[in-house]
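User: Hi! I am new to this protein and would love a friendly walk through it. Could you take my questions one at a time?

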Amino acid sequence: MITHIQGKLVEKNPTDVVIDCNGVGYLLNISLHTYSQIPEGEHLKLFTHLQVKEDSHTLYGFSSLAEREIFRLLISVSGIGASIARTMLSSLTPKQVIEGIASNDIALIQSIKGIGAKTAQRVIIDLKDKVLKIYDIDEVSVSKGNTNKDEALSALEVLGFVRKQAERVVEKIIMVHPDANVETIIKQALKNL
């Protein structure tokens, strides 16, 4: 019903913003990703999703159409409500969510507060085909990058590093250098661990 709101930014918090649109203040719940994308200044346009329940009407705001689309995909999964979807988009970038689903990365999805193993599996099962189709991702390219990542993580574990810590460092390296080979990933990771 309400597809976007544009107006004067009155209040900005990490979890919500208030936009004054012709004298009416709209409270929009946002993710940390959207919060980080909001430019300084008074004028703001956010894409919205209106959730209607028996006892409330809640607006969610997004800095991009892509983030809103991912939010809508996530809440279509049984067991994922709007607050968990927002938490997911606060912990991971929309790109990381898409890649995690496309590459069957259950550990990544499960790392979100409030998501257990079964729900993480359901997210991947329900959304993988849609994500591959919508974002035109080639499954082969996703798994290729993942193999390098897995090999690098295995090597770092053998060297005595904690997997969780190594995973965080390797993720950052892959984001900056998506085409990095295993040796490069390991060398960069050793510098940062």
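User: Which residue in β3 is the bridge partner of Cys21?
Analyst: Happy to start there, keeping in mind that this is a predicted model. Strand β2 covers residues 16-21 and pairs with β3 in the antiparallel sense, over six bridges. Cys21 has its bridge partner in β3, and that partner is Val24.

User: How many residues lie between β2 and β3 in their hairpin?
Analyst: Asn22 is a good place to look, since it is found in the loop between β2 and β3. This Asn22 belongs to the turn of the hairpin, and the number of residues between the two strands is two.

User: What is the phi of Asn22, and why is it worth a remark?
Analyst: Most residues other than glycine have a negative phi. Asn22 is not a glycine, yet its phi is positive. As for its surroundings, Asn22 counts as exposed because its relative accessibility is 79%, over the 50% cut-off. The phi you asked for is about 55°.

User: In which order do the five strands close into a barrel?
Analyst: The chain holds nine helices and five strands. β2 pairs with β3 in the antiparallel sense, whereas β3 and β5 pair in the parallel sense over two bridges. The pairing in the barrel is therefore mixed, with antiparallel and parallel pairs. The order is β1-β2-β3-β5-β4.

User: By what angle are neighbouring strands of this sheet turned against each other on average?
Analyst: The sheet here is the one whose five strands close into a barrel. With direction ignored, the average turn between neighbouring strands is 55°.

User: Which residue in β5 is the bridge partner of Leu28?
Analyst: Leu28 takes us to the pairing of β3 with β5, which is parallel and has two bridges. The partner of Leu28 in β5 is Leu59.

User: Which residue in β4 stands opposite Lys8?
Analyst: Strand β1 (residues 4-12) and strand β4 (residues 43-52) run antiparallel and are joined by five bridges. Across from Lys8, in β4, stands His43.

User: Which strands does helix α2 touch where it packs on the sheet?
Analyst: Helix α2 spans residues 65-75, and its direction makes about 15° with that of β4. The strands that α2 touches are β4 and β5.

User: Is Ser31 buried or exposed?
Analyst: Let us place it before we judge it. Ser31 is found in the loop between β3 (24-29) and α1 (32-37). Its relative accessible area is 2%, which is under the 20% cut-off, so Ser31 is buried.

User: Which residue's backbone nitrogen does the side chain of Ser31 reach?
Analyst: If we set aside neighbours within four places in sequence, Ser31 is in contact with Pro14, Glu67, Arg86, Leu89 and Ser90. The side chain of Ser31 also reaches a backbone nitrogen at 3.2 Å, and that nitrogen belongs to Thr34.

User: How many residues of α4 are buried, and what does that say about its surroundings?
Analyst: The buried residues of α4 are Pro94, Gln96, Val97, Ile98, Gly100, Ile101 and Ala102. Helix α4 is therefore largely enclosed by the rest of the structure. Out of its nine residues, the number buried is seven.

User: Is α4 roughly parallel or roughly perpendicular to α6?
Analyst: The axes of α4 (residues 94-102) and α6 (residues 117-134) come within 8 Å and cross at roughly 105°. An angle of 65 to 115 degrees counts as roughly perpendicular. So, relative to α6, helix α4 is roughly perpendicular.

User: How many residues are nonpolar in the contact of α4 with α6?
Analyst: From α4, the residues taking part are Ile98, Gly100, Ile101 and Ala102, and they meet Val123, Ile124, Leu127, Lys128, Val131 and Leu132 in α6. One residue of this contact is polar and one is charged, while the number of nonpolar ones is eight.

User: What is the relative accessible area of Asn104?
Analyst: Asn104 comes after α4, in the loop between α4 and α5 (106-110). Asn104 has a positive phi of about 55° although it is not a glycine. It is partly exposed, because its relative accessible area falls between the 20% and 50% cut-offs, at 40%.

User: To finish, what share of the residues of the protein chain is buried?
Analyst: The C-alpha atoms fill a box of roughly 60 × 35 × 30 Å along the principal axes. Among contacts with a separation of 6 or more, 50% come from residues 24 or more positions apart. Of the 193 residues of the chain, the buried share is 40%.

Methods
Residues numbered from 1 in each chain as written. Predicted model: local features only at pLDDT ≥ 70, side-chain atom pairs only at ≥ 80, totals over all residues. Heavy atoms only, no water. Axes fitted to C-alpha atoms, helices over the stretch in contact; angles between N-to-C directions. Helix = DSSP H or I, 4+ residues; strand = E, 2+ residues; numbered from the N terminus. Parallel < 35°, antiparallel > 145°, perpendicular 65-115°, else oblique. Contact = heavy atoms within 4.5 Å. Nonpolar A, V, L, I, M, F, W, Y, C, P; charged D, E, K, R; others polar. Pairing = 2+ DSSP bridges. Buried < 20%, exposed > 50% of the residue type's maximum accessible area, 1.4 Å probe, protein only. Polar contact = N/O pair within 3.5 Å; in protein donor to acceptor, adjacent residues only side chain to side chain.
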